Amino acid sequence: MCGIIGYIGKKSASPILLEGLRRLEYRGYDSAGVAIVEDAHLLVRKKKGKIDAGLAALLASDPVSGHLGIGHTRWATHGVPSDKNCHPHFDQSEKIAVVHNGVIENYETLKEHLRAAGHAFKSDTDTEVLAHLIGHHYEKCRAKRAGERSANGRAPANGSPLAQAVSDALREVIGTYGIAVVCADEPDKIIGARRGSPLIIGIGRDGNFLASDANAIVAHTKKVVYLNDYDVAVISAGRFDVSNLGADTAKIQITQLEFSQEDAVRGEHAHFMLKEIFEQPRTVENALRGRVDMANATAKLGGLNIGADELRAINRVVIAASGTSWHAALVGEYLIEEMAGIPVEVEFAHEFCYRNAPLEQNTILLVLSQSGETADTLAALREAKRRGHRVLSIVNVVGSAIAREADGGIYMHAGPEIGVASTKAFVSTIAILTLLAVHLGRMRALAATRALEILRGLEALPGQIEGLLAQDAAFKKLARKYGKANDFFFLGRGCTFPIALEGALKLKEISYIHAEGYSAAEMKHGPIALIDAKTPTVFVVPRDGMYEKTMANLAMIRARRGPIIALATEGDKAIKKVADDVVYLPETLALLNPIPAVVPLQLFAYHVAVARGCDVDKPRNLAKSVTVE
């Protein structure tokens, strides 16, 4: 969840690190810091708070130079946000500095052993323990090499004592980590290592990089290497070497980034979230491009890597995901069951890992993750593979851990999503789930005429989303009207029920308003007790097979004087008689309603948050990519 950046090369490190940290701030923004090696001295600058007000101001008043450094922006796990808990952390000698993303689960045990050896700690973090552990092993490595020189009268074998110390320390560690390590005594290298937390090497013309996210380095290079679990990398200005703690050799593949520097900036938009909402027509087009086969009334999904006979034999699909991706998974359940007739079960990824869910022989696991690095989703993937089941993925980041470890999958091609509250990745995921449902359905009993109807409906969605985005001013007006409410309900039925959940999540994520999503039918089973004249309800009520029943649920809220905002199909005049405000959705197939229905909810949440003065792109207590369990 934290952001890591490292640079070694011909240029000054400080501005490169600061720029990279700004691009990584969506991963954590409690505090930030850098460690730079300058004239064989290790200099650290770090400060609580967001980067511009904290670290950037500190570097302006107390600058450092040097061509080698590491930086970190923090999302707190161990220890409250404070200057002392900010990364980088020193070892005992203060010659080694470490930045870390992840959790060291056995840090208390390690800390006691190190205290017994005379180490003193200055922070409350698990990372400082790791720094001291590396320093402890570094001194042992140096002592051993000095002994070899004394005994043999010649220099010890080549190799980096720092790299050896990092490897030795990590063999004692239980937990997850993406780390970058520098040492004043070895001012020509950065050591990086990963287990469970993403880390990539960037290969540049004027030096090399280390980062937890390609956004941080895309301005400098598009050639990257995604490290695998247990990889340890030694990075210098002109080369890099990778070894693996659990294997004789490391698997290295150089990947070309799909996106550019321009894709990772806000441009004319006030926030990344707004930019990404307005990118949704293009991201839906990207999700569909080359995958719609009208001639055969099906979808072409070349990355599945599973033969047609095996796909036909599937008798159950389990979808594992977290957060917004879990809501997309719920939509996928409706789509696959309706079109393909295959039973689908949606699991929270973190629950799937830790319960003994029975999986029949022909069950396939489908995992959803924008980043491709979500820790609990990756754990679910590994658990299913351990039990001998095939795993498919839908991810946005090419080269991510989930993309590499799944048997097959489908990329979103949505471009970088930087706003913490996911928008375009959610819509892209649903578009791809629809294609997958058509693909599986056509292998079974889905008629060509019905499949063509769905595919044509999908191709019409980008234009329909454009029409909704053109009404942005109306959503801003709604936000001003209702933005002072303390509680909200979001209700839907059928395949729009997950959209009610997603609408509630978006509102509470970025505006901090208490919001609950329910099936409209569930209201009378308890939650309706909370309805009053101060509690607005957002109804997703398109003209579909559940329309009359949803209208009856709406009437129950109306009878209790609850304010109602309705999302209804164009041309629905009856809704105006019972709702206080109506947002009209374009007419489409019932199964496709989730995509246009979510767009007004995203814009409504955004404008409410702005009106309340909230930091939309960096909501409190949240970070973009959850890489710790």
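**Nonpolar cores, enclosed elements and internal space in the predicted model**

The largest nonpolar core comprises 98 residues, and those with the most contacts inside it are I319, L366, L368, F488, F490, L507 and F604. Helix α13 supplies the largest share of this core, contributing 12 residues. Apart from this core lies another, of 28 residues, which includes I104, L110, I134 and I191. The structure described here is a predicted model, and every value reported for its geometry is computed from that model.

Two residues illustrate how the surroundings of α13 are built up. When residues up to four places away in sequence are not counted, L366 touches V317, V318, I319, A320, L392, S393, I394, L433 and L436. One of these contacts, L433, is found in helix α13. With a relative accessibility of 0%, L433 counts as buried, because the term applies to residues under 20%. The contacts of L433, again leaving out residues up to four places away in sequence, are A328, G332, L335, L366, L368 and I394; L366 and L368 are also listed among the residues with the most contacts inside the largest nonpolar core. As a point of reference across the chain, L433 and E105 are separated by 328 residues in sequence and by 36 Å in space, taken from C-alpha to C-alpha.

The search for enclosed space gave 3 cavities of 30 Å³ or more. The second largest cavity has a volume of about 60 Å³, and the residues that line it are L311, I314, V317, I336, I364, L366, L392, L436 and L440. The elements giving two or more residues to this lining are β19 (363-369) and α13 (424-442). In terms of class, the lining of the second largest cavity holds 9 nonpolar residues, with no polar and no charged residues. L366 thus appears in the lining of this cavity as well as among the residues with the most contacts inside the largest nonpolar core, and three of its listed contacts, V317, L392 and L436, are themselves lining residues of the second largest cavity.

Open space was examined in the second largest pocket, which contains about 530 Å³. This pocket is lined by 34 residues, of which F259, N396, V397, G415 and P416 are the closest to its centre. Among the elements of its lining, β14 (254-256) and α7 each supply at least two residues. By class, the lining of the second largest pocket divides into 11 nonpolar, 12 polar and 11 charged residues, whereas that of the second largest cavity has no polar and no charged residues.

Helix α7, spanning residues 280-288, is largely enclosed by the rest of the structure, because 7 of its 9 residues are buried. The buried residues of α7 are Q280, P281, T283, V284, N286, A287 and L288, and the elements that cover them include α6 (272-278), β15 (292-293), α13, α14 (448-469) and α18 (594-611). Helix α13 therefore takes part in covering α7 while also giving the largest share of the largest nonpolar core. After α7 comes G290, which has a positive phi near 75 degrees.Strand β2 (residues 31-38) is likewise mostly covered, with 7 of its 8 residues buried. This strand pairs in the antiparallel sense with strand β3 (residues 41-48) over 8 bridges, and within that pairing A32 stands opposite K47 of β3. The two strands form a hairpin with 2 residues between them, and D39, in the turn, has a positive phi of about 55 degrees. Strand β2 also pairs in the antiparallel sense with strand β4 (residues 68-74), here over 7 bridges, with G69 of β4 serving as the bridge partner of I36.

Several further backbone features were noted in loops. Most residues other than glycine have a negative phi, and most peptide bonds are trans. A cis peptide bond, with omega of about 5 degrees, joins H87 and P88, and P88 lies in the loop between β4 and β5 (89-90). E94, which is not a glycine, has a positive phi of about 60 degrees and is placed in the loop between β5 and β6 (96-104); at 36% relative accessibility, E94 counts as partly exposed. A positive phi, near 65 degrees, is also found at R561, a residue of the loop between α17 (547-559) and β25 (564-569). With a relative accessibility of 71%, R561 counts as exposed.

How values were computed: Residues numbered from 1 in each chain as written. Predicted model: local features only at pLDDT ≥ 70, side-chain atom pairs only at ≥ 80, totals over all residues. Heavy atoms only, no water. 1 Å grid on protein atoms, 1.4 Å probe; cavity = no way out; pocket = protein on both sides within 12 Å on 5 of 7 lines; lining within 4 Å. Points joined across faces, edges and corners; volume = space filled by probe spheres on them. Helix = DSSP H or I, 4+ residues; strand = E, 2+ residues; numbered from the N terminus. Nonpolar A, V, L, I, M, F, W, Y, C, P; charged D, E, K, R; others polar. Buried < 20%, exposed > 50% of the residue type's maximum accessible area, 1.4 Å probe, protein only. Contact = heavy atoms within 4.5 Å. Pairing = 2+ DSSP bridges. Core = buried A, V, L, I, M, F, W, Y, C linked by side-chain atoms within 4.5 Å.
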